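Colleague: Got a minute to go through this model with me? I'd like to start with how the helices cross.

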Amino acid sequence: MHTEKIPAREGNHNLQDYEKMRKTFSWDDMKKNFSWNETGKVNMAYEAIDRHAENPDTKDKIALHYSSPDREESLTFDDLKKSSNQFANVLKKYNVEKGERIFLFLPRSPEFYAAFLGILKVGAIAGPLFEAFMEQAVRDRLQDSEASMLITTPDLLERVPQDDLPDLKKIVLVGDSKETSDKYIDYDKEMKDASTDFEMEWVDLEDGMVIHYTSGSTGKPKGVYHVHNAMIQHYATAEWVLDLKKDDVYWCTADPGWVTGTSYGIFAPWLYGVTNVVRGGRFSPDAWYGTLDKYNVTVWYTAPTALRKLVSAGSEIPKKHDLSSLRHIMSVGEPLNPEVVSWGLEAFDLRIHDTWWMTETGAQLIVNIPSMEIRSGSMGKPLPGIEASIVDNEGNELPPNQMGNLAIKKGWPSMMRKIWKRPEKFESYFINGWYVSGDSAYKDEDGYFWFQGRLDDVINTSGERVGPFEVESKLIEHEAVAEAGVIGKPDPERGEIIKAFITLNDGYKESDELLEEIRQFIKTGLSAHAAPRELEVKDSIPKTRSGKIMRRLLKSWELGLPTGDTSTLEE
Ligand code: WT7
């Protein structure tokens, strides 16, 4: 096997006695870290921001270092308390009530964080959208969630199909706009008039906090619903996995449109009272190394796809920057290649710690921590308090080294509480008391978990989860496309790329222009990351007799693999 064993890191780490903690830890032990443990008053925004703002020792500590190509700002916990209070007052003024879904379609910016926290402060549910979403992606999410308010910019407003969104009562616009109707609320103006004092809406630990839409292999994106109780696990993992100390400067590169950008770009570092770096703008190796250097980042959470890009950018760029403050690196979202881990040892003289979890799990579950030996290529071991296993399709546990479904015993603190409006979908995740992840994996004799692939057709391209059905549905909206089948095709840098097979309607002939036009149609209609990098015209798309597209067969053809059982193939 290719397994390189990298010894535990020396030094003073937050979780030293992993094996003992696995046996003795109970989630109740974590509750003592929260003010509600004594006061009974619960709100994530209070624990993450106001608590530090009310403490004279941390009031003026930098909570957020924000930088983008055209703007830089540093805000203290007190600043963030005040701006989120102001936004909460704006929401109250427009009668937003507890439990309403308020969506954010905004670039990463100080306004985003003030608004997001303000939504939590009134007890509403925040729905962050990725700013690269195009009309269809925005429509699906706002329709399904019946969002009553949206916070966006005048530019992004063009991608909001308001006629299709009867529940959307108000739109807050961040930036200058010519809109005059009273449907629109001017962010700057309202914030200027709003008080910086706000009476927090106390909630129940089981009340809704955030909805993240994510893709499965069939159907529209589903709304994964998380509650305030998740903070228990965000705090625990901030301590154990992020290994945070009070003086750390922490940078999570994920956009808050994905769960990593909320759980680990907002909640975990701020629950722990740590300075958080946020970078807007696009990826570039220079800008990224520059960010590590400029803010003296000590703890860094990023993704394999970005690390692979840094590897290809070469070893000259990092030499221009002082990266000596960096002490701890983690990765999430796709398999972390052993080659990248080896590169990390050379480039940073640091181990890169893989972590495994999903939108549905709300927080990290299987991890590599500093005091643990890393087996390069393995996702690591379950956290204290987490029972993970490999099960068969009936939910029976399998012995070591046997491949099966990666599953987690139901009941960890940050687990999703529902799929919005789709109870049957929610139930379908659970078999025999196990949450079944859809990933195939095995566990070795020493308890390390090894990722093998997805069991369904979900595509992971550059760490972004794409449902083939969404792309297929959009493809057939194009007038030239009759049928479409979409698969993930292995790619050294992106993990997978999206490949689409299509058949053309009568009267259309294959040409480079037409294929490019179809690609653009997806890019501008759905989102850039969902646009197929490869498009192939076929005479027919293989389907089962019941009409289901046989993506597995398309994939086998594409990769030159045996086609397996084709007994259900339509003649
Ligand atoms: C899927 C979940 C919440 C993290 C961001 C992605 C894949 C995630 C790893 C890893 C191999 C991984 C899995 C999982 N994945 N982490 N460390 N190694 N694969 O969240 O969009 O909900 O995607 O990402 O396939 O099921 P997501």
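Modeller: Sure, and one term up front: a crossing is left-handed if the near helix is turned anticlockwise from the far one by less than a right angle, and right-handed if clockwise. Keep in mind that this is a predicted model.

Colleague: OK, so which hand is the crossing of α15 and α16?

Modeller: The crossing of those two, α15 and α16, is right-handed.

Colleague: At what angle do α15 and α16 pack, and how far apart are their axes?

Modeller: Helix α15 covers residues 468-475 and helix α16 covers 512-525; they pack at an angle of about 120°, with 10 Å between the axes. Angles of 65 to 115 degrees count as roughly perpendicular and those over 145 as roughly antiparallel, so α15 is oblique to α16.

Colleague: Which residues meet there?

Modeller: From α15 you have V471, K474 and L475, and they meet I518, I522 and G525 of α16. By class, that contact has four nonpolar residues, one polar and one charged.

Colleague: Switching to sheets. What's the strand order in the nine-stranded one?

Modeller: The order is β3-β2-β12-β11-β13-β14-β15-β16-β18, in an open sheet with mixed pairing. β3 (71-76) and β18 (381-382) are at the edges with a single partner strand each, so each has one side without a neighbour in the sheet.

Colleague: How do β11 and β13 run, and how many bridges join them?

Modeller: β11 (residues 249-252) and β13 (residues 299-302) run parallel, joined by three bridges. One pair to look for is W251, whose bridge partner in β13 is W300.

Colleague: And which helix lies across β2 and β3?

Modeller: That's α4, residues 77-93, which runs at about 95° to β3.

Colleague: What about β6, β7 and β8? In which sense does β7 pair with β6, and with β8?

Modeller: β6 (residues 149-152) pairs with β7 (residues 170-173) in the parallel sense over four bridges. The pairing of β7 with β8 (residues 184-186) is parallel too, over three bridges. For landmarks, M149 has K170 as its bridge partner in β7, and I171 has Y184 in β8.

Colleague: Last one: where does UniProt place the AMP-dependent synthetase/ligase domain?

Modeller: UniProt, in an unreviewed entry, puts that domain feature at residues 57-418. In the model, the end C-alpha atoms of residues 57-418 lie 39 Å apart, and the span is 29% helix and 24% strand.

Methods:
Residues are numbered from 1 along each chain as its sequence is written. This is a predicted model: local features need pLDDT of at least 70, side-chain atom pairs count only at pLDDT 80 or more; totals for chains, interfaces and linings use all residues. Axes are lines fitted to C-alpha atoms, for helices over the stretch in contact, and angles run from 0 to 180 degrees between N-to-C directions. Angles under 35 degrees count as roughly parallel, over 145 as roughly antiparallel, 65 to 115 as roughly perpendicular and the rest as oblique. Two residues are in contact if their C-beta atoms, placed from the backbone, lie within 7 Å. Ala, Val, Leu, Ile, Met, Phe, Trp, Tyr, Cys and Pro count as nonpolar, Asp, Glu, Lys and Arg as charged, and the others, Gly among them, as polar. UniProt positions are given in the numbering used here, feature names are shortened, and annotations may be inferred rather than shown by experiment. Two strands pair if DSSP finds at least two bridges between them.
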